[in-house]
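Me: Could you walk me through how to read a ligand site and a couple of residues in a model like this one?

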Amino acid sequence: MASISGICFSSQSLKPRKNPFLRPTSSAFSLPTHSSSLSIPIRNSPRIATPHSLPRHISPDHSDGSAFPTKNNHGLEKDPGELWRRYVDWLYQHKDLGLFLDVSRVGFTDEFVTQMEPRLQAAFKAMEDLEKGAIANPDEGRMVGHYWLRSPELAPKPILKSQIEKTLDAVCDFADDIISGKITPPSGGRFTQILSVGIGGSALGPQFVSEALAPDNPPLKIRFIDNTDPAGIDHQIAQLGPELSSTLVLVISKSGGTPETRNGLLEVQKAFREANLDFSKQGVAITQEGSLLDNTARIEGWLARFPMFDWVGGRTSEMSAVGLLPAALQGINIREMLKGAALMDSANRTTVVKDNPAALLAMSWYWACDGVGSKDMVVLPYKDSLLLFSRYLQQLVMESLGKEFDLDGNRVNQGLTVYGNKGSTDQHAYIQQLRDGVHNFFVTFIEVLRDRPPGHDWELEPGVTCGDYLFGMLQGTRSALYSNDRESITVTVQEVTPRSVGALVALYERAVGIYASVVNINAYHQPGVEAGKKAAGEVLALQKRVLAVLNEASCKDPAEPLSLDQVAERCHAPEDIEMIYKIIAHMAANDRAVITEGTCGSPRGFKVFLGECNMDDQSFA
Ligand SMILES: O=P(O)(O)OC[C@H]1O[C@](O)(CO)[C@@H](O)[C@@H]1O
């Protein structure tokens, strides 16, 4: 009997069919009834005809008869004098932070601004209530308190204030003790590496901040396991090599039950066992009190545990222990990060729209994407160290705004797509399409004025430095895009410092919250993610049934393999035959089942049996 232990897929033979496990979570686009009492200002968009030029979820016939702002028929303003006046008129500056926000290259009209005013005022009120401890995440019945993390005095209860302060002190003390060598690994010497195990909001902030702010020679270097990809995990562990014995492992999970993170932990613990190391002496948990992870860490006596709070969401947890502990261990000044965030929060509490940078962002997003996500946000920092900002923002914005229903239960399929990388690198990749191709985006440039630390610059040709080129590329791209009616926002900071990074995080957290209020959605839950997790769980449950069926068959008659139809029937899941084929193919590729009489591209021909019969397996009984 011929056996094939690995198979290849033919795209022709595996035509997409309905996958019962991975049902779409949102149905096709449909028009909701908008029941909010406020009218939503929308634009007629005669500027450039695109399929998305009218908001899709809002009927233009407002019951209150409000007029739509009309737009300049000749595209965006091009007169240099007018543009300069618009730039000066709308430029926002935060003096203490050295941060500027330029929304002049977004073409909103005065009429649009006037019509947005009541919506933004309502959003400010909602934000004020949120900061005072309202249940701002109604689906989960939770307060939303990430702003208190940098201004504990604003926390609505003294106990919360003291929890925040105590945790911050504990983070600082622990990081100091690790760096100074007061706390040492069992093997002696000092901790030299951090291995951070976490995913989503429990990884993206720490990754962004590390890339942005870690010094060239940090006291501890950081690596991340942020997936359940075994090869990726092996790579990280292999890279640590003998330094595993001086690695501090941070296991970060708010819920304490995320499968990818649990798997990462189990894999790392196995590596520790194989190296004869005691994981508990090097493991640190950051999680909600009483979670599975917290209990494990407590029972196993891990080196330390830090709390995550119920009222801090994963994607807004950078200023909690989640972001602060890894940052502090890398020698990053976390109190400065908090200060930058607090200053930005304070600026964003004004109810004067023009003086409120988060509101200016939210208003510009609304204009640029018709309030329905009709255009994508391309984030282009012109600074290598801010490379991961777009990836960080991707979760913050898309997990917050990508919602099927609004707060009144109407199907709205909201969202705002975020992607990006860095300039000027992307000039030589996809900016060709941005300038000339499909007009489905607006850009956010992140500009950093300081090119290099003082005293390090030099002119690579008379009067021109390397940084001048970077500056020129940014300004040139901004102009070239605008001349072809592509809108952009520019956020400028003096330098990439803990303070400016804290301010950027706070700016976007607030902009997302305000935008969500304006479009009437809950920014603080993520029901769609649960659907994918549930479906993945169902696939794994089916795999267990398949294994049990194969095992039972092998025990009865090892010489008689089963067809896919037989396996599906014995699993009582004939409708899941495609998934069963994929499960078997995956196991075969990993030497965990033997497929006989099969050929690539014709799954129906496969017959399958398990190499060994496990008489103890009662799972199918
Ligand atoms: O910190 P946790 O609970 O492991 O969750 C990780 C991530 O998973 C999500 O819940 C989505 O699955 C994110 O919101 C979160 O940041």
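Reply: Sure. Keep in mind that this is a predicted model. Let's start at the ligand, with polar atom pairs: a polar side-chain atom of Thr258 sits 2.5 Å from an oxygen atom of the ligand.

Me: Which other side chains place a polar atom by a ligand oxygen, say Ser255 or Gln395?

Reply: Both of those do. For Ser255 the distance to an oxygen atom of the ligand is 2.7 Å, and for Gln395 it is 3.2 Å. The cut-off for a polar contact is 3.5 Å between N or O atoms.

Me: How much of the ligand does the protein bury?

Reply: Here you take the ligand alone, then ask what the protein covers. On its own the ligand exposes 390 Å², and 89% of that is buried by the protein.

Me: Which elements give two or more residues to the shell around the ligand?

Reply: Helix H11 (389-401) and helix H15 (527-556) do. Seen by domain, the shell takes at least three residues from domain 2 (145-334) and at least three from domain 3 (526-608).

Me: And which residues come nearest to the ligand?

Reply: Of the 14 around the ligand, the nearest are Ser202, Ser253, Ser255, Thr258 and Glu399. Sorted by class, the shell holds nine polar, three charged and two nonpolar residues.

Me: Let's turn to Thr261. Is Thr261 buried or exposed?

Reply: For burial you compare relative accessibility with a cut-off: under 20% is buried. Thr261 has 4% relative accessibility, so it counts as buried. This residue belongs to helix H6, residues 259-274.

Me: What is Thr261 in contact with, beyond its neighbours within four places in sequence?

Reply: With those neighbours set aside, Thr261 contacts Val197, Gly198 and Ile199, plus Val251, Ile252 and Ser253. Ser253 also turned up among the residues that come nearest to the ligand.

Me: How about a loop residue? Where is Asn348 placed?

Reply: Asn348 lies in the loop between helix H9 (334-347) and helix H10 (357-368). Its relative accessibility is 3%, so Asn348 counts as buried too.

Me: What surrounds Asn348, once its neighbours within four places in sequence are left aside?

Reply: Asn348 touches Asn356, Pro357 and Ala358, along with Ala506, Leu507 and Arg510. Take Ala358: its backbone nitrogen is 2.9 Å from a polar side-chain atom of Asn348.

Me: How many residues separate Asn348 and Leu507 in sequence?

Reply: They are 159 residues apart along the sequence, yet their C-alpha atoms are 7.8 Å apart in space.

Note on methods
Residues are numbered from 1 along each chain as its sequence is written. This is a predicted model: local features need pLDDT of at least 70, side-chain atom pairs count only at pLDDT 80 or more; totals for chains, interfaces and linings use all residues. Side-chain values use heavy atoms; hydrogens and water are left out. A residue is near a molecule or strand if one of its heavy atoms lies within 4 Å of it. A polar contact is a pair of N or O atoms within 3.5 Å; within protein, one must be able to donate a hydrogen and the other to accept it, and residues adjacent in sequence count only if both atoms are side-chain atoms. Accessible areas come from the Shrake-Rupley method with a 1.4 Å probe; for residues, only the protein chains shown count as cover. Helices (H or I, at least four residues) and strands (E, at least two) are DSSP runs, numbered from the N terminus. Ala, Val, Leu, Ile, Met, Phe, Trp, Tyr, Cys and Pro count as nonpolar, Asp, Glu, Lys and Arg as charged, and the others, Gly among them, as polar. Domain bounds come from an automatic or database domain assignment. Buried means under 20% relative accessible area, exposed over 50%, partly exposed in between (1.4 Å probe, protein chains only). Contact means heavy atoms within 4.5 Å.
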